[in-house]
Amino acid sequence: MPDSSSPAVNPVHRASAAAFAGSEPWSVICDFDGTIATVDVTDELLTRFALPEWQTIEAQWKAGEISARECMAQQIALLRVSRTELYAHLAHIHIDPGFREFVADCRGRQLPMQVVSDGIDRVIRRVLLRNGFGEISIAANRLIHTGRDTYELQFPNAKPGCSAGSGTCKCAVAAQAKPRRVLLIGDGTSDFCLARNADFVFAKAKLRTYCEQQGIAHRAFDTFSDIRYLLSELLDHPHHHHRPLPLANAQSPTWSI
Ligand SMILES: [Mg+2]
């Protein structure tokens with residue numbers, strides 16, 4: 001992945017700044033694992049149901065020996081769980097309590113919002129359905145049931161040459177939202193690449209650290225209650241950059257850069 005040592009010469013930084021001068025409406029690309037779901041559901045499934053070799057594969061990915069896509073394909077092939085057990089486990093997955101109001105806000109504003117994840121489509125759909133969000137558009141990796149308790153992962157949203165090596169190329173999915181400006185909401189490694197290309201980022205956890213280090217225009221959040229506030233700032237008061245914000249930190253750019 002190309003890197004930039006100085007935020008001052010980071011072209012993504014400039015692109016994000018330019019976003020505030022534009023007049024195109026926004027669209028939202030939202031991560032799932034660790035962002036909408038309070039845990040990484042994929043990791044939980046592997047921990048609970050995969051043969052132990054999944055950890056060796058995880059280590060290979062962390063060492064940069066295999067791509068995220070190769071890693072997930074091999075790990076999902078190690079799952080040994082019936083569909084019934086899988087769905088029973090998913091019934092215990094919690095979503096961020098503020099997500100419901102956030103979805104209502106987006107709807108009220110006619111702001112397109114799509115869940116784009118390098119996780120598992122069937123898992124995401126199941127969890128969202130259980131919580132009454134059957135209408136939300138999802139782009140993620142496709143889980144195929146191949147036997148009584150075995151699975152295969154397919155990658156309908158992969159892009160040849162995806163610099164992040166992802167199963168779902170978030171940048172390619174986000175490009176379909178153009179000419180709208182793209183707001184990314186996310187928490188982790190699978191969001192890094194799009195964070196560099198999005199018009200603005202709401203970030204937590206690892207993604208927040210990444211944005212700080214790379215000089216990417218962003219605001220930090222912990223919950224969807226924070227996001228509702230930040231969304232209102234972004235859409236309703238984009239030029240009120242002197243207004244104190246509760247989540248401001250010294251390294252974050254202000255709204256108007
Ligand atoms: Mg995530």
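Mentor: Let's start with what contact means here: two residues are in contact if their C-beta atoms, placed from the backbone, lie within 7 Å. Keep in mind that this is a predicted model.

Trainee: Okay, so which residues is Arg126 in contact with, leaving aside its neighbours within four places in sequence?

Mentor: Tyr87 and Leu90. Arg126 itself sits in helix α7, residues 121-130. From Tyr87 to Arg126 is 39 residues in sequence, yet their C-alpha atoms are 7.8 Å apart in space.

Trainee: What makes Arg126 count as partly exposed?

Mentor: Count the C-beta neighbours inside 10 Å: Arg126 has 18. Buried takes 20 or more, and exposed means 12 or fewer. Because 18 falls in between, Arg126 is partly exposed.

Trainee: Moving on to helices. Why is α6 called roughly parallel to α11?

Mentor: The axes of α6 (residues 99-108) and α11 (residues 224-236) come within 8 Å and cross at roughly 25°. Angles under 35 degrees count as roughly parallel, so that label fits α6 and α11. The crossing is left-handed.

Trainee: Which residues meet there, and how do they split by class?

Mentor: Phe99, Glu101, Phe102 and Asp105 of α6 meet Phe224, Ile227, Arg228 and Leu231 of α11. By class, that contact has 5 nonpolar, no polar and 3 charged residues.

Trainee: Now the sheet. What makes β4 and β7 edge strands?

Mentor: The sheet is open, with 7 strands in the order β4-β3-β2-β1-β5-β6-β7 and mixed pairing. Both β4 and β7 (218-220) pair on one side only, hence the name edge strands. From one strand to the next, the twist averages 25°.

Trainee: How do you know that β1 and β2 pair?

Mentor: Pairing takes at least two bridges. Strand β1 (residues 26-30) and strand β2 (residues 113-120) have 3 bridges, in the parallel sense, so they qualify as a pair. Ile29 has Gln114 in β2 as its bridge partner. Helix α11 packs on the sheet, touching β1, β5, β6 and β7, and its direction makes about 160° with that of β6.

Trainee: And what joins β3 to β4?

Mentor: There are 4 bridges between β3 (residues 137-145) and β4, and the two run antiparallel. A hairpin also connects β3 to β4 through 5 residues. Across the pair, Arg142 stands opposite Gln154.

Trainee: How do you know that the side chains alternate along β4?

Mentor: Look at which way they point: Tyr151 and Leu153 face one side and are buried, while Glu152 and Gln154 face the other and are not. In a regular strand, side chains do alternate between the two faces of the sheet.

Key. Residues numbered from 1 in each chain as written. Predicted model: local features only at pLDDT ≥ 70, side-chain atom pairs only at ≥ 80, totals over all residues. Axes fitted to C-alpha atoms, helices over the stretch in contact; angles between N-to-C directions. Parallel < 35°, antiparallel > 145°, perpendicular 65-115°, else oblique. Left-handed = near helix turned anticlockwise from the far one by under 90°. Nonpolar A, V, L, I, M, F, W, Y, C, P; charged D, E, K, R; others polar.
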